[in-house]
Amino acid sequence: MTPRKRTGWWLPFVSDRGAATRGGSTAGPPGTGLRALLYRRPSEPQSIQVVFERAIYLVRVRRHRQARRYTLRIHAPTREVVLTMPPRGSLKQAKEFAQKHGAWIAARLHRLPVALPFADGAMVPLRGVEHRIVHRPGRRGTAWTETGEGNEPLLCVAGDAPHVDRRVGDFLRRQARHDLDAASRRAAEKLGVTIKRVSVRDQSSRWGSCSTTGVLSYSWRLILAPPFVLEYLAIHEVAHLVEMNHSPRFWRLVLRLCPDAGQAKSWLDAHGTDLHRYGFSDDAGNQNTPVTA
Ligand SMILES: [Zn+2]
């Protein structure tokens, strides 16, 4: 969505003054990458454990050369808890800091929606319409939509049970590619610009991106949103081929092609994070389900 800055998948964070400020002047200026390397203890664990109310939370530790304090963040799409610390900060202080914020970690993770793997009986929104996944092991083909009893929208999947998740994922990616390709080409025609390639990925930090050479990239999860949201994203990215910025001129261009832009942006703000919980079953992101101590 934005050509330069990351969009907000990180929840609000907590931070604290850390060891870098201890002793004042020793905190190095930017460009102390070598120093960061020198002070990294090779045997240091990549993650630490925080215990809160009999649950254990895994916290990944990351030293950052520009960090001046200890900061805890939660990456909403993957539920990963990350503690950033100064290059010379101590692991002991990091542990104390994380432990002190155990309640914060627990509350934030608890509030995040749980992952919804694509399985028989599960609901998945396709173009904003809830579809029930139905496993049809005896049928030919891979995945298709059908209207069930009482006009219920179904997403049917053939093949063996262990492949249902992947087949639904593949089906949704194909649909996403189709819709995003069509929407991008419509917008390109209206704006008189040329698209080189449209690719669909599982990027968690942004909904779409656009290169100066005309390569557009989108999150396949946009197929889960109502069509006007997907349409807006395509127009937004293609408009960057005319204005590679977010200036008033850029927004006027977007609004001319997409009067619903404001509504689409609000929709993404309200529901965007939700779209990231689908089909996480074989993803590393599920590791932060609390483990009872
Ligand atoms: Zn943008």
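## Two helices that cross

Helices α4 and α5 cross each other in a right-handed way. Keep in mind that what you're looking at is a predicted model.

How do we pin down a pair like this? Two packed helices are described by the angle between their axes and by how far apart those axes are. Here, α4 covers residues 164–191 and α5 covers residues 227–239. Their axes sit 8 Å apart, at an angle of about 50°, which means α4 is oblique to α5.

## Where the helices touch

Which residues make the contact? On the α4 side, they are D179, L180, A183, S184, A187, A188 and L191. On the α5 side, you'll find L230, E231, A234, I235, E237, V238 and A239. Sort them by class and you get 10 nonpolar, 1 polar and 3 charged residues.

## A little sheet of strands

Now for the strands. Three of them, in the order β10-β12-β11, form an open sheet with mixed pairing. β10 (197–201) and β11 (208–210) are at the edges with a single partner strand each, so each has one side without a neighbour in the sheet. Ignoring direction, neighbouring strands here are turned by 15° against each other on average.

What joins β11 to β12? The link is 3 bridges, and the two strands run antiparallel, with β12 spanning residues 215–219. For S209, the bridge partner in β12 is S217.

## Helices meet sheet

Both helices also lie across strands of this sheet. α4 lies across β10 and β12, at about 145° to β10. α5 lies across β11 and β12, and runs at about 20° to β11.

Terms used: Residues numbered from 1 in each chain as written. Predicted model: local features only at pLDDT ≥ 70, side-chain atom pairs only at ≥ 80, totals over all residues. Axes fitted to C-alpha atoms, helices over the stretch in contact; angles between N-to-C directions. Helix = DSSP H or I, 4+ residues; strand = E, 2+ residues; numbered from the N terminus. Parallel < 35°, antiparallel > 145°, perpendicular 65-115°, else oblique. Left-handed = near helix turned anticlockwise from the far one by under 90°. Contact = placed C-beta atoms within 7 Å. Nonpolar A, V, L, I, M, F, W, Y, C, P; charged D, E, K, R; others polar. Pairing = 2+ DSSP bridges.
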